[in-house]
Amino acid sequence: MKKFHGSDNYVATPDLMLAVNAAITLQRPLLIKGEPGTGKTLLAEEVAQALDMPLLQWHIKSTTKAQQGLYEYDAVSRLRDSQLGEEKVKDIQNYIVKGVLWQAFTADKPVVLLIDEIDKADIEFPNDLLRELDRMEFYCYETREMVRARHRPLVFITSNNEKELPDAFLRRCFFHYIQFPEAETMKKIVDVHFPTLKGELLGAAMKTFYDVRNLPGLKKKPSTSELIDWLKLLLAEDIPASALHSSDNKVLVPPLVGALLKNEQDVGLFERLVFMNQRHR
């Protein structure tokens, strides 16, 4: 399999590229953690595109069960069809709904499989997938067949650290934590989205963004995706760089701050900081 060297649409740091290629070499799932909005989900999409591989996505919810990733047997539909005298009830295959793991295992070529936000599910969910991800096979009791992977998929698993994952599961993964981008990396990310952004506005916006992020006591720090949204609004509203800072470089409440701060406690905290800053002029 080819190696990942980043893409035009995704700024990957050298250590992140190393982690992706290590997972490819070891043939182990890559467990990606990091703050929300740091590009964990997008990474799988970009790797699939860069390596010219199909992408299958399984977005986990609190109600998701591991069995759903394998298959589900629709017994209700079969019962209804039998009452209606449908011919297809004779073949149980017609009532097997294949999950993303089944699709990944039986694909004609290797695929990228994204298991997104695994920590949202029940604590037993990762344990229930241990055998399938390890041995790349599972048994379908209804059809009495062993489903084995034709090609080992490249598995990406993301987590926002809402729950601790079991040790047995962690042992089977290669782990990487996406650090929040430093200013230089962030400028490269912004440049991908806004290649014509004027340097003065970018500099002022970046300073404001990191000032807000570094404010002690924030409940939710603004993320990369929120910076991108904020810049899009600044450009749409034609906000000048001068509106982001005062002449004496004192802190201001930035325009459209609702793109960066997403709850009233954080907005209130920032407004109090600005008020105290202005009193000490």
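In this predicted model, R213 touches E35, F180, L218, K221 and P222, leaving out residues up to four places away in sequence. R213 is found in helix 10 and is buried, because its relative accessible area of 7% falls under the 20% limit. The protein as a whole comes to 12 helices and nine strands, and buried residues make up 44% of its 281 residues. The points below treat the overall dimensions, the paired strands, helix 10 and two further helical positions.

**Overall dimensions and surface**

- The radius of gyration of the protein is 24 Å, whereas a compact globule of 281 residues would have a value near 19 Å.
- Along the principal axes, the C-alpha atoms fill a box of roughly 80 × 45 × 35 Å.
- Among contacts with a sequence separation of 6 or more, 74% are between residues 24 or more positions apart.
- The protein exposes about 15500 Å², and carbon and sulfur atoms supply 50% of that area.
- The protein carries 37 positive and 40 negative charges, and the mean positions of the two sets are 3 Å apart.

**Strand 1 and its partners**

- Strand 1 spans residues 30-34 and is mostly covered, with five of its five residues buried.
- From strand 1, L30, I32 and G34 point one way, while L31 and K33 point the other way. Burial applies to both sets, the charged residue K33 included.
- Strand 1 runs parallel to strand 8, to which it is joined by four bridges. Within this pairing, S159 of strand 8 is the bridge partner of K33.
- Strand 1 also runs parallel to strand 9 (residues 174-178), and five bridges join the two. Here I32 stands opposite H176 of strand 9.
- Strand 1 is thus paired with strand 8 and with strand 9.

**Strand 5 and its partners**

- Strand 5 covers residues 112-116 and is likewise mostly covered, with five of its five residues buried.
- V112, L114 and D116 point one way from strand 5, and L113 and I115 point the other way. These residues are all buried, and D116 is among them.
- Five bridges join strand 5 to strand 2 (residues 55-59), and the two strands run parallel. W58 of strand 2 stands opposite I115 in this pairing.
- Four bridges join strand 5 to strand 8 (residues 154-159), again in a parallel arrangement. In that pairing V112 stands opposite L154 of strand 8.
- Strand 8 therefore pairs with strand 5 as well as with strand 1, since each pairing has at least two bridges.

**Helix 10 and a distant position in helix 1**

- Helix 10 spans residues 199-213 and holds T208 as well as R213.
- T208 counts as buried, because its relative accessibility of 8% is under 20%.
- Setting aside residues up to four places away in sequence, T208 touches W230, L244 and P254.
- L26 is found in helix 1, which covers residues 14-26.
- L26 is partly exposed, because its relative accessible area of 48% lies between the limits of 20% and 50%.
- From C-alpha to C-alpha, L26 and T208 are 42 Å apart in space, with their positions 182 residues apart in sequence.

**Helix 3 and the surroundings of G69**

- G69 has its place in helix 3, which spans residues 66-70.
- G69 counts as buried, because its relative accessibility is 0%.
- Apart from neighbours within four places in sequence, G69 is in contact with W58, G99, V100, L101 and W102.
- One of these contacts, W58, is the residue that stands opposite I115 of strand 5.
- Another, W102, is 33 residues from G69 in sequence, and the C-alpha atoms of the pair are 7.3 Å apart in space.

Definitions and conventions
Residues numbered from 1 in each chain as written. Predicted model: local features only at pLDDT ≥ 70, side-chain atom pairs only at ≥ 80, totals over all residues. Heavy atoms only, no water. Buried < 20%, exposed > 50% of the residue type's maximum accessible area, 1.4 Å probe, protein only. Rg over C-alpha atoms; globule rule 2.2 N^0.38 Å. Contact = heavy atoms within 4.5 Å. Areas by Shrake-Rupley, 256 points an atom, 1.4 Å probe, with all protein chains shown as cover. Charge placed at Lys NZ, Arg CZ, Asp CG, Glu CD.
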